[in-house]
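Student: I'd like a close look at a single part of this one, please. Take the packing, and walk me through it in one go.

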Amino acid sequence: MHYEAPIRKPLIEGDKSYHDITVDVVRPVESSAPKSWWLVFSLALLAFLWGVGCILYTIGVGIGTWGLNKTVGWAWDITNFVWWVGIGHAGTLISAVLLLFRQKWRMSINRSAEAMTIFSVIQAALFPGIHMGRIWLAYFVFPIPNQFGSLWVNFNSPLLWDVFAISTYFSVSVVFWYVGLIPDFAMIRDRAVKPVQKHIYKILSFGWGGKAKHWQRFEEVSLVLAGLATPLVLSVHTIVSMDFATSVIPGWHTTIFPPYFVAGAIFSGFAMVQTLLIIVRKVFKMEQYITIQHIEMMNIVIMLTGSIVGIAYITELFIAWYSGVEYEQYAFLNRATGPYWWAYWSMMTCNVFSPQFMWIKKLRTSLMFTFFISIIVNIGMWFERFVIIVTSLHRDYLPSSWSMFSPTFVDIGIFIGTIGFFFVLFLLYARTFPVIAQAELKTILKSSGDNYKKLQEKQEQEHGEH
Amino acid sequence: MASTNQTIINALYDDDDVLLSGVKQVREKGLEIQEVYSPFPVHGLDKAMGLKETRIAIAAFLYGTLGLATAISLTYGMMIVDWPLNIGGKPSFSWGENMPAFVPIMFELTVFFAAHLMVWTFFFRNKIYPGAKAQNPDPRTTDDKFLMEVVAGGDHSNEDIMALLKETGAIEVSVNSAEHA
């Protein structure tokens, strides 16, 4: 009935029953937070508040508090925006693309990956707002009928496409995540003994009862949403990349950007999932659900997408040389040997070399090494965005417009603030939401559970003797 | 669905495979299954129960078409009809000439409409909304138990049905005349 090839390793370790999965998943929700949680939460909250202060300062005083100048009009703001959007992409990849490919290993990581998506898209969405000179007029980006003869927006601009892309991406990710959460909230509701907790989860679970017809629709909705989210995730980073690719700036005007940005997004997103899950599995004692095999699979994805990014770098260099366009050639010469050589070479080191270590099984199955590389990848991907944006802008067509960029404490403070905000949200999530999609995980217990796999093996051996 | 004078017999199972074969046996005996509650989607349960296929994907397709139509009318009305301006030399004479720049919006709105309206349909058809009363009669069915509700009556006495359900591997069998929507 639940036949699976014996070559596949178990995805759920330990002799788990359905009830064990329930108990293990709700433990963080039903217990109170340890001191260490409060400590980390306070740190994240402080960083967040500092970021809020920097944002208010920017809005109150003006964008001149940032390190931008007349040549470099985009720097940390859009770098951070693209970086956060990119991080978000892995969540959708894990929950949607791996669902389409029927990858069972996604089931114990998809919930947290989707949460990461939503929280990082929130961080990303801050930047298009606060980098506006007049944020109070931000509603002008929406095509709302108005008293200016109905003055509309210009649908030719990738910045407007961004508005549509990010808001669609965010809202669709939220409903995708939430539909998956409903059965899990119902499970917590039905276990809750404290009246307040029971009431909250009653509201959150929408009255879910797990009727056969509802499950049938649930699976269909999940599949269609996955089918919609997959092109969506590709389109979102494509549209973000068009902020640059549709420009006339040497170093930006490249047709390779859409797939190359998406590959970079998966690369950095998976690295962030690794960073978070390596901690989550340890703190919540979920090593039997998020196994070394899961970590290894994600490392393979990092290796693959890292290699795609590497190819894109080489392609860019080749085309710059092959194009015969002096401006394009200089843009790359400037990246490698100009005043921002250190950013370019840290990007190259982090993104091209670090994923190649994953070819070695010993390294890709090591938690310590994975954790280290996941941080390195995210640093590298931040530099990638920084290098693309700043090195292309600070020196382009007119040498009289050449300048330099250096961030102020406000630029840095806002970035730190978004990291703080991200962790505030993630830490709150980890203690109130079921971090593993238990309803989904229960469907693979009999095919991929350690105990059931052993049982199957035994049966097969007996069968073979006859 | 349930009429007022119907007697329902509940059978609780603790294994999805046992439940599945139970469902098949009950239907072979010509009994009507009112509902099955399970903690997770049991593969093949809808087929075993004889449920019709859901049409929600068809609905999503139609919603997507609506989204695409919305995007085309938005871009056409605003960029070509209302204010056919020259913005950076982009041709604003006809929609087709400027169409490539509208593709991202057309794509996003298609996905937006399809995804959201489908999820609203899902909520509406399942009668689930924030704060709704839990639909499962037994709280254990969201943890690790499976509940089958069999409509009593016809040629079988309640005792017969209960015996049959016990035979199929139910761990608890009880008569329940209380109504569920």
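Tutor: Contact here means heavy atoms within 4.5 Å. This is a predicted model, where local features need pLDDT of at least 70, side-chain atom pairs count only at pLDDT 80 or more, and totals for chains, interfaces and linings use all residues. Residues are numbered from 1 along each chain as written, chains are lettered from A and ligands numbered from 1 in written order, and side-chain values use heavy atoms, leaving out hydrogens and water.

Start between the chains: 59 residues of chain A and 64 residues of chain B make up the contact. About 5,600 Å² is buried there, 67% of it from carbon and sulfur atoms (accessible area, 1.4 Å probe, lost on putting the two parts together, summed over both). You'll also find 3 salt bridges between the two chains (Lys or Arg side-chain nitrogen within 4 Å of an Asp or Glu carboxyl oxygen). Lys446(A) forms a salt bridge with Asp17(B), with 2.9 Å between the closest N and O atoms.

Now go inside chain A, to helices H4 (residues 110-130) and H5 (residues 158-191) (DSSP H or I runs of at least four residues, numbered from the N terminus). Their axes come within 10 Å and cross at roughly 150° (lines fitted to C-alpha atoms over the stretch in contact, angles from 0 to 180 degrees between N-to-C directions). H4(A) and H5(A) are therefore roughly antiparallel (over 145 degrees), and the crossing is left-handed (near helix turned anticlockwise from the far one by less than a right angle). Among the residues meeting there are Phe119(A) and Ile122(A) of H4(A), and Phe170(A) and Trp177(A) of H5(A). By class, the residues of this contact are 13 nonpolar, 3 polar and 3 charged (Ala, Val, Leu, Ile, Met, Phe, Trp, Tyr, Cys and Pro are nonpolar; Asp, Glu, Lys and Arg charged; the others, Gly among them, polar).

Terms used
Helix = DSSP H or I, 4+ residues; strand = E, 2+ residues; numbered from the N terminus. Parallel < 35°, antiparallel > 145°, perpendicular 65-115°, else oblique.
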